Amino acid sequence: MPNQIWLSQLQKHRAIAVIRAPKIEVGQQMAMAIASGGMQLIEITWNSLRAGELITRLRSELPACTIGTGTLFNVQQLEEAIASGAQFLFTPHVDLAMIQAAQEKNVPIIPGAMTPTEIVTAWSQGASCVKVFPVQAVGGVDYIKSLQGPLGEIPLIPTGGVTLENAKEFLQAGAIAVGLSGELFPKKLVTEGNWQAIASGARKLIEQLS
């Protein structure tokens, strides 16, 4: 998927559901729940159990959704993720070899960065956009706002501190989209298998952001 198409997906949907699944069946249920709530951008973290298999399965079961992966640490994992069908790639860090490998395969990569130097480095090397992580640790919404002056042309996706309550503020501060994990999937609801409540939370988020 070319970067331009990926950026237009982000501008349209504005939120990515990040799934870290202890079991493939649970991950599948989590994805189905938020998809039924209207979310269409789903990240399966590579440290989920049998992540590649889950990505392949979801690509076939949720054709309307864009399924990617995250928590990729090296080129080998990146290539395995692409082979399993991942449509976008998040990393927790800036790795130039990984950015280059993703570009060669024409799959959008979103490196994690914190400082302006890291953000600009990732962007100038060909990242489709940059994940600002962990955003809460460096000032949350105010940090995204303060980056807009010098770095306004770089699309930023804050994660790590985005909640159902403040997601819209991040977008208003200039973020192209936000990533949410635990906020969308409260442990209690996942343990109980209360997928309806999780779908309802996703629906609420989409309504707030539209």
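What covers the buried residues of H1? In this predicted model, the cover includes strands S1 (15-19), S2 (41-45), S4 (89-90), S5 (109-110) and S8 (156-158), together with helix H10 (195-209). The residues being covered are Trp6, Leu7, Leu10 and His13, the buried members of helix H1, which spans residues 3-13. They sit on the same side of H1, because the arc they cover around the axis is only 145 degrees. A general feature of helices helps to read this pattern: with 3.6 residues a turn in an α-helix, residues three or four places apart point the same way. The other side of H1 carries Gln4, Gln11 and Lys12, which are exposed. Just after the helix comes Arg14, whose phi is positive, near 65 degrees.

Strand S8, one of the elements covering H1, also belongs to a sheet. Here 3 strands are arranged in the order S6-S7-S8, forming an open sheet with parallel pairing. Strand S6 (112-113) and S8 are the edge strands, each pairing on one side only. As a reminder, the strands of a sheet pair through backbone hydrogen bonds, in either a parallel or an antiparallel manner. Between S6 and strand S7 (residues 130-132), the parallel pairing extends over 2 bridges, and Gly112 has Lys131 in S7 as its bridge partner. Helix H6 (residues 116-124) packs on this sheet and touches S6, S7 and S8, with its direction at about 160 degrees to that of S7. A further helix, H7 (residues 141-151), lies across S7 and S8 and runs at about 170 degrees to S8.

Attention can now turn to the largest pocket, which holds about 350 Å³ of space. Its lining is made up of 21 residues, and those nearest the centre are Val18, Phe133, Thr159, Gly160 and Ser181. Strand S2 and strand S9 (178-180) each contribute at least two residues to the lining of this pocket. S2 therefore appears in two parts of this description, as it is also among the elements that cover the buried residues of H1.

Beyond S2, the loop leading to helix H3 (51-61) contains Ser48. Is Ser48 buried or exposed? Its relative accessibility is 6%, so Ser48 counts as buried, the cut-off for that class being under 20%. When neighbours within four places in sequence are left aside, Ser48 is in contact with Ile19, Arg20 and Ala21.

Methods: Residues numbered from 1 in each chain as written. Predicted model: local features only at pLDDT ≥ 70, side-chain atom pairs only at ≥ 80, totals over all residues. Heavy atoms only, no water. Buried < 20%, exposed > 50% of the residue type's maximum accessible area, 1.4 Å probe, protein only. Helix = DSSP H or I, 4+ residues; strand = E, 2+ residues; numbered from the N terminus. Arc of directions from axis to C-beta. Contact = heavy atoms within 4.5 Å. Pairing = 2+ DSSP bridges. Axes fitted to C-alpha atoms, helices over the stretch in contact; angles between N-to-C directions. 1 Å grid on protein atoms, 1.4 Å probe; cavity = no way out; pocket = protein on both sides within 12 Å on 5 of 7 lines; lining within 4 Å. Points joined across faces, edges and corners; volume = space filled by probe spheres on them.
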